[in-house]
Structure formats: structure tokens, C-alpha cells
Amino acid sequence: MTMHDTVLDNLTQFEYLALNSSYNLSDGHARQELTVGQSEIIDDLPMLWAEAIKRPVEEVEAEAHRAYFALLGQHSYPAASGRVLSCYSSSVAMEIFARSLATSVGTIALVHPTFDNIPDILRGVGLRLVPVEEDQLHDDDLPAELLGAIGCIFVTTPNNPTGRVMSRDRLARLAAQCAEHDVVLTLDTCFRGFAPGAHYDHYAVLEASGCRWVVIEDTGKLWPTLELKVGLLVSAADVGLPLGKVYSDILLGVSPLVLSMVRRFSEDAARGGLADLHRHIARNRAVLRDGLAGVPGVHFPDPDSTASVERVHLGHRFGLDVWSALRPHNVFVLPCQNFHWARPEEGAHSVRIALARPVTSIEIGAKALRSVLLEQ
Ligand code: EGV
């Protein structure tokens, strides 16, 4: 079997293979070391536990939402009850959204490329998908013909893996078009925390547009909290989808301990932790780019990205070959073809490197990657 025949169904199955290895540069979850301030929160967990038992969940939850949205500039988020649904993860929020949408919509436009569990979850509930290229979304108004043929448009911003952020002006224009054509506008903002350009108040723009909108937020990409996180499913008052009903089919609620942690991590981030995190990611990005400098044919297609992941274009080399050659070094990267869910061949010559890791992992990973690339 040649390496091109390696059969894995999706990106997450590649990520599983990396989970136990020392140099896991595969998944986009946060695995850097805790900062001093974050360690203090972990030391306080017994106290947070005791507090979470005593206090009404509604209060603990509202405080967590407030702290998280305030941290990322989302001041106009809907604080009214039922408009922000806390889920175990953003993928659970995604599944609830998709099931709700499928009750009334048949066709959805989706940004291309993006992380493959988004198209997979949407297809899983029977929706028909239409790809919209990232450039098209960011450059121009969408054709009326497209908007007339879909019930929803789904945009990942900042996008995964490209880091591309939809500007305030573009979002306003897209929301206006959605209002005009009665198309639901759904945003996945899971990587928002890393991109200051994504910290303008999206909810003010969405509410002003009058469109039907849904936003999926995520605390899971930012802090190394051992998969303790929440995904938030946020919606317009008149969204016209049974989000609350489907949510109640799946969840009663998330742990108030996790919600208390989210509040404390958000407060720590607001006091300077977020700036520290941005510096950490920028440093790892520089270590990676410097480590691969001068390798023939290699370039970085997303020069302006501040996301916690970085794409590397491998020139003539195949992502799967590079992935295979790195395995004996215990270094795991993510081949990019599945991000290109409509045309996988467009991702065949790229890999994605996770940057939310200790600096030493990036140094060792970059060194191994460099030697593998020079051999191919
Ligand atoms: C990334 C893992 C899921 C996903 C990781 C991710 N896969 N949830 N099926 O959370 O970029 O590596 O988004």
C-alpha cells in the first residue's frame, strides 16, 4: 500500500492518531502550558466546585457568558434567556443547529475550504451543500441567483485552517443580502479569540441587519483546560428554527464547574492573558516559519493569519507523504485535503500545523519537518 492509499475518513481520525504522541501538532485544541495566572485558577477548582453547588446555575451561566463575550468584544450578545445555549462543545452546538435547520431548509451554502466536520454534520442531517469560495465571500456581493437557491449560508470566521477573518463591512453587506433574500446567516467563530480583527461587535452588526442569524462560539481553542470547555449556540430572537427544542432533546445543560472555569479564564485573559496568548502563538508561528526558511518549494499561504494553526504549502510534495515520513519521528501534522470538502485535490500539497503547543514541541516538530522536506 502506498501512502496515498492511507484510508482515514476525516480530519479528526488523523487527529486521533496523534493524541498520544509527544509531538502532536495535529488537532486545533489548546495544549500549550498553563500560565501562572491559569495555574492559580486550577488551584482554586475545589472552591469553584463548592461555589457551583451553592449558587443557582442560571447565575453561574450568565456570568460565564458575560465574561466570555466581553473579552472578545461581543458586547451586544443577546443576554435574554434562551438566546445563548451552552453546549459541551461547538460540534454539539453545530449538530443542534444542523438538525434544527434541516426541519425547514434543504440547501445550504458553505465556505470552502473549512474544517471537514462542518460539511459532514450538515450532510449528516440531509442538507444539500453548495461551496462558496473564501475569496468570493470576502470580495464581492453574492449573486442573487445563489441566494435564491439556498436557505442558509454558513461562514467560518476566522476560517479554519486559513485564519481569514470577515471584516465588519463584509459582514454587514452579507447580512443585508441575507435579510433581503430571507436566508439564514450562520457564523462559526470558534477561532475568534486569536484574531483581534474578529473582535468587533458581530452581534450589533447582525441585529442591525434584520436577518435571521445563528452564531456558534467556542471556548475550547483558547485555553489548555483538558477538554473542559463550552460551545455557545447563539441566535436571533426571530430565527424561526427549533433550536431550543432540539437542544432539549440532547442536553439539560453543561456543568456549572466548567462554566465557572470559563468565567475565571475569561477574566484572567482580560487582565492580560489574552495578549500573552497572542504573543505565544506569534512566537510559535515565527519558530515554524524560521525553521522551514529556505526549503525549496515551501511557502506559507496565509501570511496574515493569527489563528492557532498554520498551513504549510509543500510545493510538489504530497501532504500524505510528508505526514507518513514524520510518523517515525513521533511528529504528527494534519494533511489538508479534507479541508477542501468539495475538491480535496486542492489540499493535497499542504499540511496544517497546530501552534497552541509548548514552544519546544514546535521547535522539534519544525526540525523534523525540515529534514523530511529536504529528503522529498
Ligand atoms: C481542529 C475535532 C471534532 C475538532 C478539532 C478542530 N473534531 N470535533 N469532530 O474539534 O481544527 O483541529 O476543530
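This is a guided tour of a predicted model, from the ligand through three unusual backbone sites to three pairs of packed helices.

Residues are numbered from 1 along each chain as its sequence is written, and side-chain values use heavy atoms, with hydrogens and water left out. Because the model is predicted, local features need pLDDT of at least 70 and side-chain atom pairs count only at pLDDT 80 or more, whereas totals for chains, interfaces and linings use all residues.

**The ligand**

Select the ligand and the residues around it: Thr12, Glu15, Asp27, Gly28, His29, Ser91, Phe115, Asn117, Asn160, Lys221 and Arg352. A residue is counted here if one of its heavy atoms lies within 4 Å of the ligand.

Next, display the side chains of Glu15, His29 and Arg352. An N or O atom in the side chain of glutamate 15 is 2.6 Å from an oxygen atom of the ligand. For arginine 352, an N or O atom of the side chain is 2.7 Å from a ligand oxygen, and for histidine 29 the corresponding value is 2.9 Å. The cut-off for such a polar contact is a pair of N or O atoms within 3.5 Å.

**Three backbone sites**

Helices (H or I, at least four residues) and strands (E, at least two) are DSSP runs, numbered from the N terminus.

Select Asn160, one of the residues around the ligand, together with Pro161. A cis peptide bond joins asparagine 160 and proline 161, with omega about 20 degrees. Proline 161 is found in the loop between strand S5 (152–156) and helix H9 (168–181).

Move to His112 and Pro113, which are also joined by a cis peptide bond, with omega about 0 degrees. Proline 113 belongs to the loop between strand S3 (107–112) and helix H6 (117–124).

Then select Leu226, in the loop between strand S7 (213–218) and strand S8 (231–235). Leucine 226 is not a glycine, yet its phi is positive, at about 55 degrees.

**Helices H4 and H12**

Axes are lines fitted to C-alpha atoms, for helices over the stretch in contact, and angles run from 0 to 180 degrees between N-to-C directions. Select helix H4 (residues 57–71) and H12, whose axes come within 8 Å and cross at roughly 25 degrees. H4 is therefore roughly parallel to H12, a term for angles under 35 degrees. Heavy atoms within 4.5 Å define a contact. Residues making this one include Val60, Ala64, Ala67 and Leu71 of H4 and Leu259, Val262, Ala270 and Leu274 of H12. The contact divides into 11 nonpolar, 2 polar and 3 charged residues. In these counts, Ala, Val, Leu, Ile, Met, Phe, Trp, Tyr, Cys and Pro are nonpolar, Asp, Glu, Lys and Arg are charged, and the others, Gly among them, are polar.

**Helices H2 and H12**

Keep helix H12 (residues 256–291) and add helix H2 (residues 36–43): the pair packs at an angle of about 155 degrees, with axes 10 Å apart. H2 and H12 are therefore roughly antiparallel, the term for angles over 145 degrees. Gly37, Gln38, Ile41 and Ile42 of H2 meet Arg264, Phe265 and Asp268 of H12. This contact comprises 3 nonpolar, 2 polar and 2 charged residues.

**Helices H5 and H11**

Finally, select helix H5 (residues 90–101) and helix H11 (residues 243–250), whose axes come within 9 Å and cross at roughly 130 degrees. These two helices are therefore oblique to each other; oblique covers angles that are not under 35, over 145 or 65 to 115 degrees. Val92, Ile96, Phe97, Arg99 and Ser100 of H5 make the contact with Leu243, Val246, Tyr247, Asp249 and Ile250 of H11. By class, 7 of the residues are nonpolar, 1 is polar and 2 are charged.

Notes:
A polar contact is a pair of N or O atoms within 3.5 Å; within protein, one must be able to donate a hydrogen and the other to accept it, and residues adjacent in sequence count only if both atoms are side-chain atoms.
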